[in-house]
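Reader: I am new to this structure and would like a close look at one part of it, the place where two of its elements meet. Could you take me through that part slowly, residue by residue where that helps?

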Amino acid sequence: MSSFLWSSIVGSIVLTILLNVVPRMFPRQSQRAEQRLHDYLVDATDAKDPSTPQRKVQVWFPWKGMLIASVGLTVLLNVISWLAS
């Protein structure tokens, strides 16, 4: 395998892990960012009617699935590139 393929795989794994670990390292910052996004979306949709209940949306990231898909797609794209050349 080429060194580019290995660096792509390692880079993909590192990026996926960072995108999942960094928010957990700074939970208050993540909560504040979530609140700012929520406030922005409420302002954008003009849903300021006090009779409507405000729900907190939780987003679940399947990091293991993301990691597997990322590595799989990296390998697939590099194999296709290798076969095409």
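Author: A residue is called buried here when its relative accessible area is under 20%, and exposed when that area is over 50%. With that cut-off, buried residues make up 13% of the 85 residues in the protein chain, and this should be read with the caution that the model is a predicted one. The protein chain has three helices and zero strands, and from the N terminus on its elements follow the order α-α-α. If one takes the contacts between residues at least 6 apart in sequence, 73% of them join residues at least 24 apart.

The part to look at closely is the packing of helix H1, which covers residues 3-25, against helix H3, which covers residues 63-84. The axes of these two helices are 9 Å apart, and the angle at which they pack is about 160 degrees. Because angles over 145 degrees count as roughly antiparallel, H1 is described as roughly antiparallel to H3. The crossing that H1 makes with H3 is right-handed.

On the H1 side, the residues that take part are Phe4, Leu5, Ser8, Ile9, Ser12, Ile13, Thr16, Asn20 and Arg24, while H3 brings Trp63, Met66, Leu67, Ser70, Val71, Thr74, Val75 and Asn78 to the meeting. Sorted by class, this contact of H1 with H3 holds nine nonpolar residues, seven polar residues and one charged residue.

Within H1, serine 12 is a useful residue to follow. Serine 12 counts as buried because its relative accessibility is 10%, and, once its neighbours within four places in sequence are left aside, serine 12 is in contact with Ser70, Val71 and Thr74.

Crossing over to helix H3, one finds leucine 67 there, and, if residues up to four places away in sequence are not counted, leucine 67 touches Ile13 and Thr16. Leucine 67 and threonine 16 are 51 residues apart in sequence, yet their C-alpha atoms are 6.2 Å apart in space.

Asparagine 78 also lies in helix H3, and with a relative accessibility of 14% asparagine 78 counts as buried. Not counting residues up to four places away in sequence, asparagine 78 touches Phe4, Leu5 and Ser8. The side chain of asparagine 78 also reaches the backbone oxygen of threonine 74, at 2.7 Å, and threonine 74 is itself listed among the H3 residues that meet H1.

Two other residues of H3 give a contrast to asparagine 78. Isoleucine 68 is found in helix H3, but its relative accessible area is 64%, which means that isoleucine 68 is exposed. The C-alpha atoms of isoleucine 68 and threonine 16, which are 52 residues apart along the chain, are separated by 9.9 Å. Leucine 77, whose place is likewise in helix H3, is exposed as well, with a relative accessible area of 59%. From leucine 77 to leucine 5 the spacing is 72 residues in sequence and 9.4 Å in space, taken from C-alpha to C-alpha.

Read along H3, then, the picture includes asparagine 78, which is buried and touches residues of H1, among them Leu5, as well as isoleucine 68, which is exposed, and leucine 77, which is also exposed.

Terms used:
Residues numbered from 1 in each chain as written. Predicted model: local features only at pLDDT ≥ 70, side-chain atom pairs only at ≥ 80, totals over all residues. Heavy atoms only, no water. Axes fitted to C-alpha atoms, helices over the stretch in contact; angles between N-to-C directions. Helix = DSSP H or I, 4+ residues; strand = E, 2+ residues; numbered from the N terminus. Parallel < 35°, antiparallel > 145°, perpendicular 65-115°, else oblique. Left-handed = near helix turned anticlockwise from the far one by under 90°. Contact = heavy atoms within 4.5 Å. Nonpolar A, V, L, I, M, F, W, Y, C, P; charged D, E, K, R; others polar. Buried < 20%, exposed > 50% of the residue type's maximum accessible area, 1.4 Å probe, protein only. Polar contact = N/O pair within 3.5 Å; in protein donor to acceptor, adjacent residues only side chain to side chain.
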